[in-house]
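Trainee: I should be grateful for a close look at a single helix in this structure and at the partners against which it packs. Please set the helix in the context of the whole chain as well.

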Amino acid sequence: MLTSRAICGERRAAVRAVLLVGLAALAQVCLAEPPEAEGVGAAGACSAKLGCRSYRASSDHDEDAAPAKGNQQLQLARTVTKGTRTDALLDALPEGPGPAAINRTLAVTKIIEMRVKSGQLLQLTSAVPVFVNTSDSYIALIFKFNPPAWEAVTASKFLCESPDHKKSAAVEWFGGETKQPYPLAIVGRCRWPVANKQRCYRLGLTEEGGGSAGDVEACHEPDLATEGPFRLASCGHAWWDEMDHPAFAGSLLLPPWVEYQLLRGVQHFFWYTDSRTQPSIYAAMEPYFKQGVATRIHSHTPLDRHDWDDLNDCLYRTRHRAEWMMPTVDLDEFIRPSPYATTDRTLPEMFDALAALYTNVTHISFGGFRFLKPDDPKHVSVVSALREPAPQALCPKYVVRPWAANTLFVHWPISMAEGSQTLAVPVEELSFNHYRTRDRTLMNTTDTTLESFAAPLYQKLRKRFQKPWAEVAQDTLESLASVLLQDSSVGRPGVDYAALFPDFVRLFQDLKAPRIVELPSYQ
């Protein structure tokens, strides 16, 4: 029987064989390049100690550094490289993850079904070991939310038990105890001794008077799980290359977006992949895995873009590792300072300054402007300076202190630590550019706030990929034309949250000064 080390060796060799042939073209994932300017614009990431946790210090990442070491958890490498594709039309495509993606794989997840005493089905999407310190660590069990499931878990007493039944801990439940609408997850936390170097924790979920609901194995790669602390981390939903238009292809949008975030102070990215993640997306990610600024979590279960199962998993991957976290900032969204503010302040510095205006500010919400997307997909988004005159009539985005959050939704937190407050900020002080539309009808306002970042982005991309962005983007466009792109309508239709909460949307359109606000709630 093959050992796990031998299996890993075979898998890595197979991946390298595929990648050395195909990745040379696919990995050139970038966009068109105007004349480069001197200077970098924004300052890099700042450093500060986290009050919530002390980790071994993370070193500054050199763009030319060797691939990150770590992730010798061979089970992960074995399962990551061989997934079951749900779309038969994609079966002919080569496997995508490169060597750095495998080395940077923190965890592999899949949905596990459990039943409690009442017969209610629970769907466990992931189990995350969370190390705080030697006396205050826990396992987070993350389930899909639905009201019957919430009623079932809160109607009985549940325990986490070790396989030998010598160790047990009560489960504390979060996710349905507040009035915030659209909870995505039920999170059960049980205090558990989590060691710095242990990879897997096996336990059973038992119900008082009802026996075992099911067994759980919470695994991660400890070398990756203890990186940090980070001043600002970003969570990335599972991306794909869409059929709508090449300008919306994730493999073209991701590199310029990442370079911008690095310039603005993001220190680490947590990216989610599944069995449908295309080779072109893996190729776009690979340089950042190689640099060590990104970590991968792979799901065996295809991720529905409207379920956001990865959102609360990412919360617990970052919960005691980052001071601020961007939960749902997409590849066409660029957080920006005020047009009247100095652009050399990093994002975490801006968040710190805003949070200091009031006590117990644990999340900051802000609106954005809809910008015209560049006609040429080989241009980085920030070259566009045309937008609508008023803030877009959509729900806001937000940043959060992850150590104060229990569960999250896309547009607002669901469950936060007691006393937490929401700070709403007017677009004049903090907003984001949303480069989504190709319709010029209402694009009659010129806004050059981020235009100065174009030249530094092209410089960074040229250094990253060793050729001009225009050439890399053209290579990518040609490769995308020869493969099946992912239908952007995958999953059920989305919900128009802005239509459901018009008063909340209007608040951010009319806001004149930062102030504490109440989140939407069920009446």
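Mentor: The account below begins with the chain as a whole, turns to helix α6 and its partners, and ends with several individual residues.

The model is a predicted one. Its protein chain contains 13 helices and 24 strands. Of the 523 residues in the chain, 59% count as buried. Among contacts in the chain with a separation of 6 or more, 80% are accounted for by residues 24 or more positions apart.

Helix α6 covers residues 250-264, and three of its packing partners are considered here in turn. With helix α7, residues 279-291, the axes come within 8 Å and cross at roughly 20°. An angle under 35 degrees counts as roughly parallel, and α6 and α7 are therefore roughly parallel to each other. The crossing of α6 with α7 is right-handed. On the α6 side, the contact is made by Gly250, Ser251, Leu254, Pro255, Val258 and Glu259; on the α7 side, Ser280, Ile281, Ala284, Met285 and Tyr288 take part. Sorted by class, the residues of this contact are seven nonpolar, three polar and one charged.

The second partner is α11, residues 469-481. Here the packing angle is about 155°, and the axes are 10 Å apart. Angles over 145 degrees count as roughly antiparallel, so α6 and α11 are roughly antiparallel to each other. From α6, the contact draws on Ser251, Leu252, Pro255 and Pro256, while α11 supplies Trp469, Ala473, Thr476, Leu477 and Leu480. The residues in the contact of α6 with α11 comprise seven nonpolar, two polar and no charged.

The third partner is helix α10, residues 454-465, which packs with α6 at an angle of about 115°, the axes lying 10 Å apart. The range from 65 to 115 degrees counts as roughly perpendicular, and α6 and α10 are therefore roughly perpendicular to each other. Their crossing is right-handed. Pro255, Pro256, Glu259, Tyr260, Leu262 and Leu263 of α6 meet Pro456, Leu457, Lys460, Leu461, Arg464 and Phe465 of α10. In the contact of α6 with α10, nine residues are nonpolar, none is polar and three are charged.

Pro255 deserves particular notice. This residue belongs to the contact with α7, to the contact with α11 and to the contact with α10.

Helix α6 also has a place in the nonpolar interior. The largest nonpolar core has 55 residues, and Trp271, Ile335 and Ile364 touch the most other members. Seven residues of this core come from α6, which is the largest share. Ile364, leaving aside residues up to four places away in sequence, touches Trp324, Phe351, Leu354, Ala355, Lys397, Tyr398, Val399, Leu423, Val425 and Leu430. Another core, of 50 residues, lies apart from the largest one and includes Leu184, Phe270, Leu303 and Val517.

Two loops that adjoin α10 may be considered next. Thr449 is placed in the loop between β23, residues 445-446, and α10. Thr449 has a relative accessible area of 12% and is therefore buried, the cut-off being under 20%. Its C-alpha atom is separated by 8.9 Å from that of Val382, 67 residues apart along the chain. Gln466 is found in the loop between α10 and α11. Although Gln466 is not a glycine, its phi is positive, at about 60°. Because its relative accessibility is 64%, Gln466 counts as exposed.

Some further backbone features complete the description. Asn360, in the loop between α9 (347-355) and β15 (361-366), likewise has a positive phi, near 60°, in a residue other than glycine. The peptide bond from Gly228 to Pro229 is cis, with omega near 5°, and Pro229 lies in the loop between α5 (222-225) and β10 (230-236). Cys200 lies in strand β8, residues 200-207, and is buried at a relative accessible area of 16%. Cys200 and His220 are 20 residues apart in sequence, with their C-alpha atoms 6.6 Å apart in space.

Methods: Residues are numbered from 1 along each chain as its sequence is written. This is a predicted model: local features need pLDDT of at least 70, side-chain atom pairs count only at pLDDT 80 or more; totals for chains, interfaces and linings use all residues. Side-chain values use heavy atoms; hydrogens and water are left out. Axes are lines fitted to C-alpha atoms, for helices over the stretch in contact, and angles run from 0 to 180 degrees between N-to-C directions. Helices (H or I, at least four residues) and strands (E, at least two) are DSSP runs, numbered from the N terminus. A crossing is left-handed if the near helix is turned anticlockwise from the far one by less than a right angle, and right-handed if clockwise. Contact means heavy atoms within 4.5 Å. Ala, Val, Leu, Ile, Met, Phe, Trp, Tyr, Cys and Pro count as nonpolar, Asp, Glu, Lys and Arg as charged, and the others, Gly among them, as polar. A nonpolar core is a set of buried Ala, Val, Leu, Ile, Met, Phe, Trp, Tyr and Cys residues joined through side-chain atoms within 4.5 Å. Buried means under 20% relative accessible area, exposed over 50%, partly exposed in between (1.4 Å probe, protein chains only).
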